[in-house]
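Visitor: Hi, could you walk me through this protein? I'm new to this, so plain words please.
Guide: Sure, let's get it on the screen and take your questions as they come.

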Amino acid sequence: MTATSWWLLPLLFAFLEGLLCSGTGAVLLTQRRILQANLVANGVLPGLVIALSLNLDPAIGGWISGLTAALLAERLIRSHKTQQEAVINTVLAGTLACGVLLLSLLNLRVDLELLLFGDLLTAGWRDLWQTLVAAALSLVFLATNYRALVFSGVDPDGAEAAGVNIKRLHTLLAVVSTLVIVSAIAAVGVILVIALLCAPAVVALHSSLSLKETIARSAAIGASCSLAGFGLSLALDLPPGPLIGLGCLLLLLLPRASQQRN
């Protein structure tokens, strides 16, 4: 890669993660599972620590750990249906505590700044391939479960009564969303993943008439925010992750977004 094109791969990665995370966030939001994204993003720590201690790929450990946390929360939610947020936050706290304890027990050091904000400028072809695999599986999931997602998003109780396997649907969604989140964390970090999953979806939801339109708008907004933040980072010589995260916050502060919410 030449000296003048070193930024092309990170730029492509930022664009793809903006599309993928924000599109996935739209599905999670309409399924009332957006807190699950926060859980998975923070639940990767124990797996990362164990993988590092065994000299394994951290992405594999993070995926197993994040998915375990998501599935545990799904199971507990079925037993505490009216306390969904409390259950998810408790599992989140427990997985973080487990990760911190493992760090002490295994005497390992993890770069918390890198975990929180990542580093787009160090993104490589391996990160890109992981993202493309996650994107392909997400498209397959949407294509094969679109009608069920629409039905359950509008009326989950009615969908279950009509024969939609809500348990299976949410389990598959947990698997796919975990792949998406873990594929992004290595380069963009926990904070940015959460921002891209949530903010574009919130803005898109208030101006869309269907799930397809919500996903498309959210993906477009997320990709635009990622590209704008990355461009500013090059111009101002600042880290791209925090700039993209601030951009997501500004999305909710814009007058137009406020008008749409009202």
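Visitor: How are H1 and H2 oriented to each other?
Guide: H1 and H2 are oblique to each other. One thing to keep in mind is that this is a predicted model.

Visitor: Why does that angle count as oblique?
Guide: Helix H1 (residues 8–30) and helix H2 (residues 34–43) pack at about 125°. Angles from 115 up to 145 are neither roughly perpendicular nor roughly antiparallel, so H1 and H2 come out as oblique. Their axes are 7 Å apart.

Visitor: Which residues meet there?
Guide: From H1 you have Gly 25, Leu 28 and Leu 29, and they meet Ile 34, Gln 36 and Ala 37 in H2. Sorted by class, that contact has four nonpolar and two polar residues, with no charged ones.

Visitor: OK, zooming out. How many helices and strands are there?
Guide: The protein has twelve helices and zero strands. Of its 262 residues, 47% are buried.

Visitor: And how much of the contact is between residues far along the chain?
Guide: Take the contacts with a separation of 6 or more: 75% of them are between residues 24 or more positions apart.

Visitor: Can you show me one of those? Where is Leu 67, and what does it touch?
Guide: Leu 67 sits in helix H4 (residues 58–79). Leaving out residues up to four places away in sequence, Leu 67 touches Ala 174, Val 175 and Thr 178. Leu 67 and Val 175 are 108 residues apart along the chain, yet their C-alpha atoms are separated by 6.3 Å.

Visitor: Is Leu 67 buried or exposed?
Guide: Buried: its relative accessible area is 11%, and the cut-off for buried is under 20%.

Visitor: Let's jump to H7. What's going on with Phe 141 there?
Guide: Phe 141 is in helix H7 and counts as buried, at 6% relative accessibility. Apart from neighbours within four places in sequence, Phe 141 is in contact with Leu 149, Leu 169, Leu 172, Leu 173 and Val 176. From Phe 141 to Leu 172 it's 31 residues in sequence and 7.8 Å in space, C-alpha to C-alpha.

Visitor: What about Thr 131, buried or exposed?
Guide: Thr 131 is buried too, with a relative accessible area of 1%. Thr 131 is also in H7, which covers residues 125–154. Its contacts, not counting residues up to four places away, are Phe 13, Leu 16, Glu 17, Leu 20 and Ser 183.

Visitor: Switching to rings. How many aromatic pairs are there?
Guide: Zero, in a search of the whole structure. There is a Lys over a ring, though: Lys 212 lies over the face of Tyr 146, at 5.2 Å from the ring centre.

Visitor: Which residues are buried in H3?
Guide: In helix H3 (residues 45–53), the buried ones are Leu 45, Pro 46, Gly 47, Leu 48, Val 49 and Ala 51.

Visitor: And what follows H3?
Guide: Asn 55 follows, in the loop between H3 and H4. Its phi is positive, near 60°, and Asn 55 isn't a glycine.

Visitor: Is Asn 55 buried or exposed?
Guide: Exposed, with a relative accessible area of 71%.

Visitor: What is phi like at Asp 237?
Guide: Asp 237 has a positive phi of about 55°, although it is not a glycine. Asp 237 is in the loop between helix H10 (211–236) and helix H11 (240–253), and it is exposed, with a relative accessible area of 71%.

Definitions and conventions: Residues are numbered from 1 along each chain as its sequence is written. This is a predicted model: local features need pLDDT of at least 70, side-chain atom pairs count only at pLDDT 80 or more; totals for chains, interfaces and linings use all residues. Side-chain values use heavy atoms; hydrogens and water are left out. Helices (H or I, at least four residues) and strands (E, at least two) are DSSP runs, numbered from the N terminus. Buried means under 20% relative accessible area, exposed over 50%, partly exposed in between (1.4 Å probe, protein chains only). Contact means heavy atoms within 4.5 Å. Axes are lines fitted to C-alpha atoms, for helices over the stretch in contact, and angles run from 0 to 180 degrees between N-to-C directions. Angles under 35 degrees count as roughly parallel, over 145 as roughly antiparallel, 65 to 115 as roughly perpendicular and the rest as oblique. Ala, Val, Leu, Ile, Met, Phe, Trp, Tyr, Cys and Pro count as nonpolar, Asp, Glu, Lys and Arg as charged, and the others, Gly among them, as polar. Rings of Phe, Tyr and Trp (its six-membered ring) pair if their centres lie within 6.5 Å; planes under 30 degrees apart count as stacked, over 60 as edge-to-face and the rest as tilted. A charge sits over a ring if NZ of Lys or CZ of Arg is within 6 Å of the ring centre and within 35 degrees of the ring normal.
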